[in-house]
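Okay, thanks for having me, everyone. I'll put the structure up and then we'll walk through it piece by piece.

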Amino acid sequence: MKVKINGKEHEIASGQATTLLEVLRYELRLTGTKEGCGTGNCGSCTVLVDGRAVNSCLVLIGEVEGKEITTIEGMSPQGTLHPLQQAFISEGAVQCGFCTPGVLLTAKAFLDSNPHPTEFQVRQAIAGNLCRCTGYDKIVRAIMSVAN
Amino acid sequence: MAKYSVVGKRVPRIDALSKVTGAAIYSGDVVLPGMLHGRVLRSPHAHAIIRRLDITKAQAVDGVMAVITAADVPGYKIRNPLLLAEMAHLPQDKVVYAAQPVAVVAATSVEIAEKALGLIDVEYEELPPVLDVLESMKPETPPIYPDLYTNFIARPPSDKDSKPSNIAYHMSISRGDLEAGFREADLVLENTFRTQTVHHGYLEPFAAVASVDTGGKVTIWTQSQGVFSARQMIAEFLGLPLSRVKLVPVEIGGAFGGKSYLPLAPLCGLLAMKTGRPVRMEMSRDEVLRDGRPAPGCVATIKMGVTKKGRITAASARFIYDAGGFPEMSHAMFVRGNVLSQYKISNVKIEAFDVLTNTVPVTYYRAPSTPQSHFAVESQMDLMARALGMDPLQFRIQNVAAEGDTTPSGEVLPRVGFKETLEKMAEYLKQKGEIQGKNRGRGVACGFWHGAAGSFGAYVHVNTDGSITLVIGVTDVSGSRTSIAQIVAEEFGVPMESVTVVVGDTDTAPWASPSVGSMTVYSLSHAVHRACQDAMDQLKRLAMVRLGVEASQIEFADGMAKVKGNAEKSISLAALGRSSLGFRGEGPIVGRGSIGGLPAAPSVAVHAVDIEVDKETGKVRVLSYVVAQDVGLAINPMSIEGQIQGAVTQGIGWALMEGYVFDRGKVQNTTFLDYRMPTATDVPMIDTLLVEVGSSTGIYGLRHVGEPPMVGTLAALANAVHSATGVRMKSLPMTPEAILNGIKKAGKP
């Protein structure tokens, strides 16, 4: 089975019933994608599948055959930070960092389709990503700063 | 803050780049060749005697490399297991809470390990669980442990009449004449308040990886808030000297007090010793919620007397904390020093208890014991102010303590910005104006946190290119690396980029207390400051020779050692660093600093929250939230704002939605779907007012920061609900259902 991950074609050895999260973390060693709950409630494992944000713990690898996956490792190709990554650093939106990859990818997918959101829309967009450190304040500000 | 060039600036975290790119390594990301996988068998019962524990079938499974039970733990042969605190407790004869680990398997795959768990044969004889603290305290209730006496764990007190008890700890303090104080009052009110068991909710589940070298030395990667305290605990569990255990620091995905507990690492180390191979263990979220030690619920009764003019004449308070199944993590202990310390009260009595039940044992969570105690104290303050017809903030300002006052525990208060912080909030609210609108209300609360101080060491290396490397043994749970790097840059007069902070392992870093009690930056900065001074003294000795002046005439700025008042005469740190290694040099420049025995620098945080209650559904919407906090001096305002905003959001969760649901002692809500925590749509932007009344004991005057902003949140929200609805909520969480019930009851004649 072939899956395109961060622009590169990968031949996957794990069985079809393995979750996308397990393939990323344990087969491909792309450990930037985190597992916070395993039940799709926290968003820490968010990746993009054809540009759409999904919880990779709820997706089986067989479901994404032939699709294009973007993980946090693919968000800054050639080492240039995405404006969201830069904003998260400069606005102080990163604390423990465990939710950060998932929030960044959710925000990217959201802004790609909705470049000028209101604060309320940003909050709704990231409501599936739990963060326990920041109180969301600086995360929302960072996303808004890129949007405007 | 023109006084400083790096301290006081909004500096981005030095660990942020590795975190936004996914490069940061957490415990669960560590992989070693030939790694086995460990899994835990947990008790299905809250209280049961183990009649038989047979592991032979599990051991026989192909791919199973080891199965361990309490009989295999070397530490249990040396010390009473009750004294091996804050770790997994494998039961020797009985289980005391549901989900207690009973046996552990290491196998070549997760699947095989899980299959083997199912083949472990345990015969339990169920005992009636003790589930309620008030029931548990009664003398007629059978004690959970036959060898546990109040304040004497695992050893009977000398008093022969003492009986084993479920009250693990009891403390009582008093000052003045309580009865006289209440007689002096014009108004006396007494209320009982209840808080529930809640979880820290860190996003990263527990994980550990352990390996053993050919010499038998155990190396462990795990997310501990204190690598040196973890080494001590694991060494005791494994029966090894400290020199044979090494803890390697990793990034920590949220801790908040909950990750001093080691549910996996000691077991993982023992499996590695048994098998001779690396072992990895990880908890599911379900396991984290069932056995990842939450914060205790509390029953608090408080009685307070005031004069008509609003002076508090007396107060008595009693706090009963639910310790769960183990006595090791006292919360009652923290009541001393943290309760009613922010007010001037001449006659006061405070009692606190840790009481055992057959529920999940607890641990510390952001200002341990204090959000619970302040829910009672600050709700009561609001009720007193209402009864007097006084503004609740003015009532607090009138009674607030000052430097030199004696707290209920007998401590004389150092300088704390109580009045400044309350007045800052009063001024802010005056500008903002009264809250307008139907079903809307404002609540205020004043939180106090005494704080703690620890023992820390620091090494500062001046490199031959003039850059500085700081080596510490402190895991970063609050942005401490960044704040400390700012201090190093400030001291040496170099830019932030010239400073590298290395968090070393327990073999290479200087000893450090765990990152708890909001003490890390406060205490560590002393050690780091001393290490910087030590290194700068060495640089001055080299510079004296090169510049031909006395050491006292040399200052450090712009990466140079300069002669004061003579801009022409200077030498770069790089040149000095290089010369230290030359044949005329004194050897490499290594600054060393240590600190211990520092007094705490207490902190105050005043909260104000505006809410709206939907009268149809009972749901609370938080409209705006502001915290004024005395931080002493803000080393990094952006970082402090983040600490306050995070703490408040945790507090909002605690007050409005979170809470363990138990059924006969077993936790029922074990996913984030039914253990609901605040999302981005549940909270507003959280405003911060940083007050800087310098402490007399902190470097640059800094104080404890991370925990204080949690303390007042619960009462602030309950006070706001009262203001919006006229209903006083004395139990948490204030769910829509609970508030609707309150409104309905209030509507009845």
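So, to start us off: which residues are buried in α1(A)? Before I answer, keep in mind that what you're looking at is a predicted model. Right, the buried ones in α1(A) are A:Leu20, A:Leu21, A:Glu22, A:Val23, A:Leu24 and A:Arg25. That helix runs over residues 20-27 of chain A, and because 6 of its 8 residues are buried, it is largely enclosed by the rest of the structure. And what do those buried residues pack against? They sit against β3 of chain A, residues 46-49. One more detail here: just after α1(A) you come to A:Arg29, and that residue takes a positive phi of about 60 degrees.

Let's step back to chain A as a whole. The assignment splits chain A into domain 1, covering 2-74, and domain 2, covering 77-147. Taken over C-alpha atoms, the centres of those two domains of chain A are separated by 20 Å. Where they meet, 18 residues of domain 1 of chain A are in contact with 13 residues of domain 2 of chain A. On the domain 1 side of that meeting place, the elements giving two or more residues are β3 and β4 (52-55) of chain A. The largest share there comes from β3(A), with 3 residues. So β3(A) turns up twice in this story: the buried residues of α1(A) pack against it, and it contributes to the side of domain 1 that touches domain 2 of chain A. As for what that side is made of, it divides into 6 nonpolar, 10 polar and 2 charged residues.

Now, over to chain B, and how it meets chain A. How many residues of chain B are in contact with chain A? It's 42 residues of chain B, in contact with 39 residues of chain A. On the chain B side, α1 (16-20) and α17 (637-656) each supply at least two residues. The largest share of that side is from α17(B), which gives 8 residues. By class, you get 19 nonpolar, 16 polar and 7 charged residues on the side of chain B that touches chain A.

What about chain B on its own? Its secondary structure comes to 20 helices and 30 strands. The radius of gyration of chain B is 27 Å, close to the 27 Å that the globule rule gives for 749 residues, so chain B is as compact as a globular protein of that length. The C-alpha trace of chain B spans about 90 × 75 × 55 Å along its principal axes. Of those 749 residues in chain B, 59% are buried.

Let me zoom in on one strand. In β3 of chain B, residues 64-68, 5 of the 5 residues are buried, so that strand is largely enclosed by the rest of the structure. Its partner is β5(B), residues 101-107, and the two pair in the antiparallel sense over 4 bridges. If you want a place to look, find B:Ala66, which stands opposite B:Ala106 in β5(B).

Last stop, the domains of chain B. There's domain 1 (31-128 + 206-282), domain 2 (298-451 + 600-747) and domain 3 (453-595). The C-alpha centres of domain 1 and domain 2 of chain B lie 37 Å apart. Between them, 16 residues of domain 1 of chain B are in contact with 18 residues of domain 2 of chain B. That domain 1 side divides into 9 nonpolar, 6 polar and 1 charged.

Methods. Residues numbered from 1 in each chain as written. Chains lettered and ligands numbered in written order. Predicted model: local features only at pLDDT ≥ 70, side-chain atom pairs only at ≥ 80, totals over all residues. Buried ≥ 20, exposed ≤ 12 C-beta atoms within 10 Å, placed from the backbone. Contact = placed C-beta atoms within 7 Å. Domains from an automatic or database assignment. Nonpolar A, V, L, I, M, F, W, Y, C, P; charged D, E, K, R; others polar. Pairing = 2+ DSSP bridges. Rg over C-alpha atoms; globule rule 2.2 N^0.38 Å.
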